[in-house]
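User: Please take a close look at the ligand site in this model. Then follow the structure outward from there.

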Amino acid sequence: MGVVVSVDNCYIIELPKIQDPRGNLTFIENSLHIPFDIKRVYYLYDVPGGSDRGSHAHRNLHQFIVAVSGSFDVLLDDGQRKQHFHLNRSHNGVYVSPMMWRYLDNFSSGAVCLVLASEKYIESDYIRDYDEFIAATREIAKL
Ligand code: TYD
């Protein structure tokens, strides 16, 4: 049996929410609320209606994706099975393990997609071709 790369390893994580009449507050502490150390933070915003993002996988990167504002869909694909997440809360997000093909779409107006990442930006960590991704998942399954 090879290394198991499964979409079952990706799941929604609830974050602390401090409710206050002045406005709510959510926080994320390094590796306490999410299963990796954060080395990079980026966010998508001003996404035009009908646009999609992603369509790639990462060899080693762990990510945590939150709709801090608005909503969007995240489709994860491990090469065999797919899992769909609709993110529309500021106080939860989806953990994405390495070697998941991801596709983000259905962005609402004003949506902000916050991504916490386990590594700095490394282009060689990306797999941007779906056939190459499938071939890589088969190689991993042989390990
Ligand atoms: P990409 O990860 O392909 O975007 P998405 O998955 O959201 O569709 O990145 C888009 C561009 O931005 C690409 O040219 C690489 C660059 N980029 C950085 O320079 N640093 C980063 O941390 C990220 C995430 C992207």
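Analyst: The answer starts at the ligand, moves to the strands, and ends with the charged pairs.

This is a predicted model, so local features need pLDDT of at least 70 and side-chain atom pairs 80 or more, while totals for chains, interfaces and linings use all residues. Numbering runs from 1 along each chain as its sequence is written, and side-chain values use heavy atoms, without hydrogens or water.

**Ligand shell.** Arg 40, Tyr 42, Leu 44, Arg 53, Gly 54, His 56, Tyr 121, Tyr 126 and Arg 128 surround the ligand (a heavy atom within 4 Å). By class, that is four nonpolar, two polar and three charged residues; Tyr counts as nonpolar here, and Gly as polar. Three side chains make polar contacts to ligand oxygen atoms (N or O pairs within 3.5 Å). A polar side-chain atom of His 56 sits 2.6 Å from a ligand oxygen. For Arg 53, the distance from a side-chain N or O atom to a ligand oxygen is 3.0 Å. Arg 128 also reaches a ligand oxygen at 3.0 Å through its side chain. The protein buries 62% of the 530 Å² that the ligand exposes when taken alone (Shrake-Rupley, 1.4 Å probe). Two elements give two or more residues each to this shell: β4 (40-44) and β5 (53-58). Strands are DSSP E runs of at least two residues; helices are H or I runs of at least four.

**The sheet through β5.** β5 belongs to an open, antiparallel sheet of five strands, ordered β8-β7-β10-β5-β12. Its edges are β8 (82-87) and β12 (126-127), each paired on one side only. Pairing requires at least two DSSP bridges. Three bridges join β5 to β10 (residues 101-105), in the antiparallel sense. Arg 53, already met at the ligand, stands opposite Leu 104 in β10. Further along, β7 (residues 72-77) and β8 run antiparallel over six bridges. There Leu 76 faces Gln 83 in β8. Four residues lie between the strands of this hairpin, and Gly 79 takes a positive phi near 100°.

**Strand β6.** Five of the seven residues in β6 (residues 63-69) are buried (under 20% relative accessible area; exposed is over 50%, partly exposed in between). β6 pairs antiparallel with β9 (residues 92-96) over four bridges, where Val 66 stands opposite Gly 93. It also runs antiparallel to β11 (residues 112-117), joined by six bridges. Ser 69 is opposite Val 112 in that pairing.

**Charged pairs.** The whole structure holds seven salt bridges (Lys or Arg side-chain nitrogen within 4 Å of an Asp or Glu carboxyl oxygen). Among them is Asp 8 with Arg 81, at 2.8 Å from N to O. Asp 8 is in the segment before β1 (11-14) and Arg 81 in the loop between β7 and β8, 73 residues apart. Arg 81 is partly exposed because its relative accessibility is 40%.

Lys 39 and Glu 119 meet at 3.2 Å, N to O. These two sit 80 residues apart: Lys 39 in the loop between β3 (25-26) and β4, Glu 119 in the loop between β11 and β12. Lys 39 counts as exposed at 51%; Glu 119 is partly exposed at 30%.

Glu 132 and Arg 59 form another salt bridge, with closest N and O atoms 3.4 Å apart. Glu 132 lies in helix α1 (residues 130-142) and Arg 59 in the loop between β5 and β6, so the pair ties together parts 73 residues apart in sequence. Glu 132 is partly exposed at 39%, and Arg 59 is partly exposed at 35%.

Conventions. A polar contact is a pair of N or O atoms within 3.5 Å; within protein, one must be able to donate a hydrogen and the other to accept it, and residues adjacent in sequence count only if both atoms are side-chain atoms. Buried means under 20% relative accessible area, exposed over 50%, partly exposed in between (1.4 Å probe, protein chains only).
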